[in-house]
Each structure stands twice: as C-alpha cells, then as structure tokens.
Amino acid sequence: MHRHFLKRALVAGAALSVLAACGTQGEERTSGTRPTKAAVPAPPEKKTVQGLPGMPPVLDPKDVYAADRPNKLSPVVKGFPSRVYVPNTESDTVSVIDPKTYEIIETIPVGRQPQHVVPSWDLKTLWVNNNRGHTLTPIDPKTGKAGKEVEVHDPYNLYFTPNGKYAIVMASLDRELVFRDPHTMDRKKTVPVSCYGVNHADFSLDGRYFIVSCEFSGELLKVDTEKMKVVGQQRLPFEGAMPQDVKVSPDGKRFYIADMMAHGMWVLDGDKFTQPTLLPTGKGCHGLYVGRDSREMYVSNRGEGTVSVFDFTRNKLTKKWDLPDGGSPDMGGVSADGKVLWLSGRYDAEVYAIDTRTGAQLARIPVGSGPHGLAVYPQPGRYSLGHTGIFR
C-alpha cells in the first residue's frame, strides 16, 4: 500500500511539472499572464513590376491600361483639340475630322503613301509615316499644322520604347527594325530580321520585350527591348498566315495577334513564346483596340465589314456588329471618353464612327483614297508606345 501511495505521488508530481513547464512557455510567448488577441496578419505586399530601366512605373500590375481611363488626359495634351487624323495612302494626304460634327475640317498634303499617324512618346507630336516617300511628316496636334518632313527610309510603322529612349521604325520592305532618336529620328541601331513584312507590335507589361508580327512570311518575333536584339522567332501554324495588329492583355499574360488570312486572333504566351492558339473572329481580322475599362477589345474584320467584341474577363467573344451596307473596317482607335470606335474603311474611301455600347454606326464619312492607320487624338495615357495610339 505504501508503494502504491508513492507511485501515485510521483505521477501527480510529474503532471504538475508538465503543467508548470507549459505555463512558463505560454508566459514567454505572451509576455504576461493575460491572454492576448490573435495577431492580425499583415496585408499582402503590393506586387511591384521591375520595368525597363527609365520606364515610368507600372500603375497596376493587373492592368497595363490603368492610365487609359475615360478622359484621363495628360496635362501635356489637355489643350489639344479633339480630332481624327486619317492617312490616305493613295491620295498622299491626311484628312482631319472633327469628331463632334463628323466633318472634314482640313486636308493636309504629306509624302508618298502615308500608312499610319503615330503619337510620339512624349505626346507632343503626331508622326505621319510616308512609307514610299521615305519620310515622316510631323503634325503639331495643338495647332493641326504640319512641319518639315524628316528623311526616314521605309517607315511603314513606328513605335517607341517604353522609356522613351528610342523610336522604332518598322522598315517592312527593308526587313529591319531601326532604333532611332525619338525626336530627331537619327539612326542609332539597325537590327536586320530574317522574316518578311515587319509591321505591328506591342510591349510586355514590364516593357522588357515586345512581340512583332511579320505580315508577308506569317511569323512572329520576340525582341529584347534593352538589348535591341531578336531573342525569339516562330512561324504561325497556319498555311498562308498574314499577322497584323498586336495587343497585350490587360494582365500582361497574353498577346493577341490579328491574322487577316486565318480570320481570327492568335493567342500567345509572350513570356514563354510557345506556339499560339487561334480564336476565330471573322473574315480578314485586322485591327485590335482595347476599351477604356480594360474589359473589352474591339476586333475589326476587314473582309466582312464587321467588328467582333472580345471580353477579357470572360475570355471569349461576346458580340459581333455588322456595318450597315458593309465596308472594310481597318485601323483606328477609341475616343477619349470611350464611347466611339473610329475605324478607317481601307477599300471604300471612308471612315466609320461606331457606338461602343450598341455597335450602331454613328457616321460614315467620305475621305481620300486608301485610308489606313487613323489616329484619334488626344487619348488618355501618360505616354505613347506608337502605332495609332498604344498608351500606358
């Protein structure tokens, strides 16, 4: 019995020791005997994007178009009159339209075969790409007056690096990407390419690379922006492919490339640069324009006179608008308030104004022959990456 009593005492003592030990550990954790509330988890750190050196910071890592909200104009352009500038490739002119009255208020003579009207990186100049005239015509968007032409060989299209350091001339027939001074247009570096017909491009979220379409050989290029070097090249998996406009998704994860012969958009993982997949939109898929809420993208189908609407969040086409009496909707842009989509009618010598809410045609305006890359200006954004208006 004595041994039994001793055993119980030892067990009880051990239990007290354990309890005491637990109490000590608890006191060390809480720095006191009173219980404390559970710690509030720290808010997740906001993701930052390490952009191209010298590039303005990315406003929203989930939306490259965050600066393009309705009427969010830069102080640089706030005094500029709202106009639509239409390059007429076969008339060698630029038609200037007042978007309020839908009337041509001026016709500006320019060089041979103007292809696109391109806003400069600093938003202060519009450059008319006179492809066969081998010149650029500067237009002051504040006064609407053209300046002295600058000699630039084969300027089919024009882009700017996101840090504003270089202009990039898409020399389509020369088979070159030419990096130039963004103001004087002096040649700084020439990058020969092995594909045919470099024409359109867009940049990654961080601006460190851009994707280029090669129209005549059905290929895509991936170019390192800072190194000014082609780092990837692939042929599209479609016989006779003819890629056109290029746009990056708001989250920067995908690139969309319009294809005039495949009649749809190629969806490409730009980072991995793997083989893209085709999303059919309509005959002669050509131009791609993102709406002011970063939710929808308007796709011009030049071969059938329609505009498809792609919803980024739902990842699918949701609408298709027919132009009354058909047409050939090509390149253009969205109005500053986001309510009107402007497109050139390439083969019909006209321009279309389309309501972005209903798809209704608001106006059909006769212009010169062969209207192409028209620019709506000014538009929201801090700086321009080129083409007919890619703003960040």
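This is a short talk on the cavities and the cysteines of one structure.

Hi everyone, thanks for coming. Please keep in mind that what we have here is a predicted model.

Let's start with the empty space inside. There are two cavities of 30 Å³ or more in the structure. The largest holds about 160 Å³ of space. Its lining is made up of 14 residues, and D68, V290, R292, Q379 and G389 are the closest to its centre. Which elements give two or more residues to that lining? They are strand 21, residues 285-290, and strand 25, residues 329-334. As for character, the lining of this largest cavity has six nonpolar, five polar and three charged residues.

Now the second largest cavity, with about 120 Å³ of space. Here 19 residues form the lining, and V58, V64, R382, Y383 and R392 lie nearest the centre. This lining divides into 13 nonpolar, two polar and four charged residues.

On to the cysteines. How many disulfides does the count come to? Just one, and it joins C195 to C214, with the sulfur atoms 2.1 Å apart. The torsion about its S-S bond is about -50°, so this disulfide is left-handed. C195 sits in the loop between strand 12 (187-192) and strand 13 (198-203), while C214 belongs to strand 14 (residues 209-214), so the bond ties together parts that are 19 residues apart in sequence. Are these two cysteines buried or exposed? Both C195 and C214 are buried.

One more cysteine before I stop: C285 has a relative accessible area of 0%, so it counts as buried.

That's my tour, and I'm happy to take questions.

Definitions and conventions:
Residues numbered from 1 in each chain as written. Predicted model: local features only at pLDDT ≥ 70, side-chain atom pairs only at ≥ 80, totals over all residues. Heavy atoms only, no water. 1 Å grid on protein atoms, 1.4 Å probe; cavity = no way out; pocket = protein on both sides within 12 Å on 5 of 7 lines; lining within 4 Å. Points joined across faces, edges and corners; volume = space filled by probe spheres on them. Helix = DSSP H or I, 4+ residues; strand = E, 2+ residues; numbered from the N terminus. Nonpolar A, V, L, I, M, F, W, Y, C, P; charged D, E, K, R; others polar. Disulfide = S-S within 2.5 Å. Buried < 20%, exposed > 50% of the residue type's maximum accessible area, 1.4 Å probe, protein only.
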